[in-house]
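Biologist: I have a structure open and I'd like to learn how to read it. Could you walk me through it?

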Amino acid sequence: MITTKSVLAALSAAWLVALPAQASPELARKHICMGCHALDRKVVGPAWRDVAARYSGQADAVPRLAEKIQRGGKGVWGAVPMPANPKVTPEDARALAIWILMVK
Ligand code: HEC
């Protein structure tokens, strides 16, 4: 029987499947980002909550951060550079950027 509840359940399942493979904490752990970052406090790099606040509403934030995640860089948050992460694929970099921008 088709109920509102079953339709909603099907929709949310489809939404989950549509998300990048394993966007999120697992991806950040897999790529060892958490050695230098935390969600809510500065470690070696900036807190991702601060990153999200800084770029919120900026149209090019996802490609910009995805590129920085892959290539590294410095000078935005201080003198300490972020090293390049050559093992991060473009898809993973994009998924990480999207996720980081949602951190509150
Ligand atoms: C060796 C330490 C280190 C590692 C490992 C590291 N970061 Fe960073 N990250 C930094 C530092 C330092 C900065 C600040 C760079 C700057 O000021 O431009 C930074 C900045 C960032 C920013 C903000 C970029 C900007 O231009 O505002 C994001 C997003 C980010 N890192 C994500 C990641 C992700 C995702 C990973 C894992 C793939 C990762 N970082 C791994 C040290 C690190």
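Modeller: Let's go through confidence, the fold, helix packing and then the ligand.

Biologist: Good, confidence it is. How far can I trust the coordinates, and what is the average pLDDT?

Modeller: Keep in mind that this is a predicted model. Where pLDDT is low, the predicted coordinates shouldn't be read in detail. Here the protein averages a pLDDT of 87, and 83% of the residues score at least 70. Residues 15-22 are the stretch to handle with care, as their pLDDT is below 50. Beyond near neighbours in sequence, that stretch has three contacts in the model.

Biologist: Now the fold. How many helices and strands does the protein have?

Modeller: Five helices and zero strands. Follow the sequence along and you get the pattern α-α-α-α-α. Then ask how the chain meets itself: of the contacts with a separation of 6 or more, 56% join residues 24 or more positions apart. As for burial, 14% of the 104 residues are buried.

Biologist: Which residues make up the largest nonpolar core?

Modeller: Eleven residues make up that core, among them Trp48, Val51, Leu65, Ile69, Val88, Leu96 and Ile100. Helices α3 (48-55), α4 and α5 each give two or more residues to this core. The largest share, five residues, comes from α5.

Biologist: Let me zoom in on α4. Which of its residues are buried, and how do I read where they sit?

Modeller: The buried ones are Leu65, Ala66, Ile69 and Gln70. To read their placement, look down the helix axis: the buried residues of α4 fall within an arc of 135°, so they line one face of the helix. What do they pack against? Their partners are α3 and α5. Ala66 gives you a concrete case, with contacts to Ala93, Arg94 and Ala97 once you leave aside neighbours within four places in sequence.

Biologist: And Val62, is that buried, partly exposed or exposed?

Modeller: Count the neighbours: Val62, in helix α4, has 18 C-beta neighbours inside 10 Å, so Val62 counts as partly exposed. The cut-off for buried is 20 or more. Val62 still touches Arg94, Ala97, Ile98 and Leu101, not counting residues up to four places away in sequence. Take the pair Val62 and Ile98: they are 36 residues apart in sequence, yet 6.0 Å apart in space, C-alpha to C-alpha.

Biologist: What about backbone angles? Which residue has a positive phi although it is not a glycine?

Modeller: That's Ile32, with a phi of about 60°. Ile32 is found in the loop between α2 (25-30) and α3, and counts as exposed because it has 11 C-beta neighbours inside 10 Å. There's a glycine to look at too: Gly72 follows α4 and has a positive phi, near 75°.

Biologist: Last stop, the ligand. Which residues come nearest?

Modeller: There are 28 residues around the ligand, and Cys33, Cys36, Gly45, Trp77 and Met82 come nearest. When you read a shell like this, ask which elements supply it: α4 (61-71) and α5 (90-101) are the ones that give two or more residues. The largest share, three residues, comes from α4.

Biologist: And how do the shell residues divide by chemistry?

Modeller: Into 18 nonpolar, eight polar and two charged residues. As you go back over the helices, note that α4 and α5 turn up in the core as well as in the ligand shell.

Technical notes
Residues are numbered from 1 along each chain as its sequence is written. This is a predicted model: local features need pLDDT of at least 70, side-chain atom pairs count only at pLDDT 80 or more; totals for chains, interfaces and linings use all residues. A residue is near a molecule or strand if its C-beta atom, placed from the backbone, lies within 6 Å of it. Helices (H or I, at least four residues) and strands (E, at least two) are DSSP runs, numbered from the N terminus. Ala, Val, Leu, Ile, Met, Phe, Trp, Tyr, Cys and Pro count as nonpolar, Asp, Glu, Lys and Arg as charged, and the others, Gly among them, as polar. A residue is buried if 20 or more other C-beta atoms lie within 10 Å of its own, exposed if 12 or fewer, and partly exposed in between; C-beta atoms are placed from the backbone. Two residues are in contact if their C-beta atoms, placed from the backbone, lie within 7 Å. A nonpolar core is a set of buried Ala, Val, Leu, Ile, Met, Phe, Trp, Tyr and Cys residues joined through C-beta atoms within 7 Å. The arc is that of the directions from the helix axis to the C-beta atoms. pLDDT is the predictor's confidence in each residue, from 0 to 100.
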